[in-house]
Amino acid sequence: MAKFTLTTSIAKAEALGCQDAPMYPDCGILGIKHVRYIMDADKKKLFPDMLIDRQQLMSKIHGREVSTFKNETIGQIIYFTSDPDNNKAMLATQFADYDLGPARRGNMIRTLGDGIFVQDNKGWEHSRAMLRPQFAREQISDLDLEENHVQNMMKAIGPVEADGWTSEIDIQTLFFRLTLDSATEFLFGESVDSQILEMPTSNSQKTGLEKAFAHNFDSAQAHMARSFRLGDMYWLHNPREYKENNKVVHEFVDYYVNLALRGNLNTDKKMEEGQKKHKYVLLEALGQQTKDPLELRGQLLNILLAGRDTTSSLLSWFFHQLLRNPEVFEKLRSTVIDTFGAYEDPQDITFANLKSCQYLQYCLNETLRIWTVVPGNGRRTNKATTLPRGGGLDGKSPIYLPPQTDVNFSSHVMHRRKDLWGPDAEEFRPERFAGRKSGWE
Ligand code: HEM
């Protein structure tokens with residue numbers, strides 16, 4: 001393995017025409033002040049906006065859009081970028097030079113176990129090959145499964161009163177339950193039915209295990225998010241509650257893994273008039289590829305995290321935006337009724353038709369743009385490499401990165417850049433996607 005000294009680094013950087021990126025000011029000794037700033041924003045639930053403030057301050061100091069810069073965090077120099085060209089390099093053109101890094105793996109593996117979200121290289125290729133065929137259209141387009149859980153959500157919202165309104169509800173909580181319910185049915189063959197269990201009038205046959213799983217999975221994720229802010233020192237955050245959360249989550253999934261290994265999963269899809277049909281269950285399909293119970297648990301929990309919060313966050317922000325933009329709401333409502341009919345008289349509601357309903361897609365895209373579901377992310381170099389832009393006084397030179405350098409990136413910051421999205425970047429305007437060919441921005 002090549003040895004990297006400061007002199008070889010400087011020589012290589014010069015040969016590649018690289019220049020360094022500016023440094024964020026006032027990080028304090030060993031970057032401790034900077035960590036406090038991040039933790040404070042986190043506590044106020046304003047972490048993504050803190051990332052925007054940081055970039056705006058850098059841009060003000062340097063008199064240009066500074067979309068790539070360095071900071072210090074507990075003695076570690078970390079790069080930050082919201083430049084689409086740099087994202088393209090990390091995620092596509094120079095993909096092999098970057099890993100997820102040990103902090104992400106070490107932190108997330110405590111809850112999720114080994115799976116696609118914590119793996120690099122051969123491990124990732126193995127998971128990818130295993131999971132890719134599972135996301136073929138026929139397997140993810142079971143609208144009946146979704147409809148059943150949507151009906152439960154309607155029940156949870158409660159009856160419409162004489163004045164035409166239901167009582168006050170927190171729709172975000174309901175969406176998180178909806179996606180947990182449909183995801184668990186897709187993964188394990190049986191839903192945790194958290195929506196029904198949480199109803200005051202529930203007389204569900206299910207035990208408290210489902211409720212415990214839902215609560216402990218949420219709590220484990222909150223701990224995971226807190227550990228992330230500590231970078232390589234993520235292990236400093238490991239309270240007893242987090243360990244207990246992980247234990248409950250693992251035991252719950254192991255129950256279904258054991259059922260699958262014995263061939264006893266519930267894979268019946270109930271049809272009208274008492275008929276039954278075999279339904280697709282991810283655990284059953286993966287069980288045909290591996291009998292390793294730890295691998296099965298890991299892959300399932302990785303997918304649960306990937307698919308559940310993302311979808312419920314998108315749905316929550318989507319309704320948040322529709323309520324604040326009545327003209328968009330009206331246009332979308334008439335598009336939906338024209339395309340799919342009214343509730344009492346539905347027509348052609350298929351996966352393909354949902355995908356080709358353009359205005360619906362624009363509204364979802366615009367929600368994902370302005371309220372980015374994964375606002376911050378990062379990679380670590382596994383060899384000496386470059387970021388194509390951000391170095392030098394004008395920010396146009398490549399930047400040389402030694403091995404083991406962290407680069408954080410933020411779609412939240414990038415999606416709100418006026419130089420990329422126009423002066424109305426902070427407005428919710430789905431029409432901006434009409435005819436737009438989106439690139440890495
Ligand atoms: C609005 C919904 C969703 C959003 C915004 C979203 C976002 C993302 C993002 C940003 C990543 C990249 C993470 C990284 O590289 O660090 C990712 C990866 C992934 N997502 Fe999603 N996701 C969504 C829904 C889903 C669903 C429903 C599933 C599955 C049921 C899923 C499965 C995955 C998987 C397996 C990966 C890893 C891919 C790989 O490493 O090759 N996602 N998603």
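This text walks through a predicted model, beginning with a sheet and ending with salt bridges.

The sheet is open and consists of 5 strands in the order E1-E2-E9-E6-E3, with mixed pairing. Strand E1 (68–73) and strand E3 (98–99) are the edge strands; each has a single partner strand, so one side of each has no neighbour in the sheet. Helix H4 (residues 84–93) packs on this sheet and touches E1, E2, E3, strand E6 (377–381) and strand E9 (406–409). The direction of H4 makes about 120° with that of E9.

Strand E2 (residues 76–81) pairs with E1 in the antiparallel sense, over 6 bridges. Among the bridge partners are lysine 70 and tyrosine 79, the latter in E2. Phenylalanine 69 is likewise partnered by a residue of E2, phenylalanine 80. The hairpin of E1 and E2 has 2 residues between the strands, and isoleucine 74 takes a positive phi near 45° there. E2 also pairs with E9: the two strands run parallel and are joined by 4 bridges. Here threonine 81 stands opposite phenylalanine 409 in E9. How much of E2 is buried? The strand is mostly covered, with 5 of its 6 residues buried.

Isoleucine 74 of the hairpin also belongs to a surface feature. Together with Ile29, Leu30, Ile32, Met233, Trp235 and Leu236, Ile74 makes a nonpolar surface patch of about 690 Å². One member of the patch, methionine 233, is found in the loop between helix H11 (208–228) and helix H12 (240–261). Methionine 233 has a relative accessible area of 30% and is partly exposed, because that class covers values between the 20% limit for buried and the 50% limit for exposed.

The loop between H11 and H12 also takes part in a salt bridge. Aspartate 232 lies in this loop and arginine 380 in strand E6, 148 residues apart, so that the pair links distant parts of the chain. Their side chains meet at 2.6 Å, N to O. Which of the two partners is buried, and which is partly exposed? Arginine 380 counts as buried at 8% relative accessibility, whereas aspartate 232 is partly exposed, with a relative accessible area of 30%.

Helix H11 itself supplies another charged residue. Aspartate 218 forms a salt bridge with arginine 308, and the closest N and O atoms are 2.8 Å apart. Aspartate 218 is in helix H11 and arginine 308 is in helix H14 (residues 293–324), so this pair also links distant parts of the chain, 90 residues apart. Arginine 308 is buried, with a relative accessible area of 2%, while aspartate 218 counts as partly exposed at 37%.

A further salt bridge joins glutamate 431 and lysine 331, with 3.0 Å from N to O. Glutamate 431 lies in the segment after helix H19 (418–421) and lysine 331 in helix H15 (residues 326–340), so the pair ties together parts that are 100 residues apart in sequence. In this case glutamate 431 is partly exposed, at 29% relative accessible area, and lysine 331 is partly exposed, at 37%.

Salt bridges also form a network, which links Glu366, Arg369, Asp424, Arg429 and Arg432. The count of salt bridges in the model comes to 21.

The remaining site is a glycine in another strand. Glycine 390 is found in strand E7 (residues 385–391) and is buried, with a relative accessible area of 5%. Which residues does glycine 390 touch, not counting those up to four places away in sequence? They are Asp20, Ala21, Pro22, Thr68, Gly395, Lys396, Ser397 and Ile399. Phenylalanine 228 is 162 residues from glycine 390 in sequence, and their C-alpha atoms are 25 Å apart in space.

Terms used: Residues are numbered from 1 along each chain as its sequence is written. This is a predicted model: local features need pLDDT of at least 70, side-chain atom pairs count only at pLDDT 80 or more; totals for chains, interfaces and linings use all residues. Side-chain values use heavy atoms; hydrogens and water are left out. Two strands pair if DSSP finds at least two bridges between them. Contact means heavy atoms within 4.5 Å. Axes are lines fitted to C-alpha atoms, for helices over the stretch in contact, and angles run from 0 to 180 degrees between N-to-C directions. Patches are made of residues with over 30% relative accessible area and no salt bridge: like charges are joined within 9 Å, nonpolar side chains (Val, Leu, Ile, Met, Phe, Trp, Tyr) within 5 Å. Accessible areas come from the Shrake-Rupley method with a 1.4 Å probe; for residues, only the protein chains shown count as cover. A salt bridge is a side-chain nitrogen of Lys or Arg within 4 Å of a carboxyl oxygen of Asp or Glu. Buried means under 20% relative accessible area, exposed over 50%, partly exposed in between (1.4 Å probe, protein chains only).
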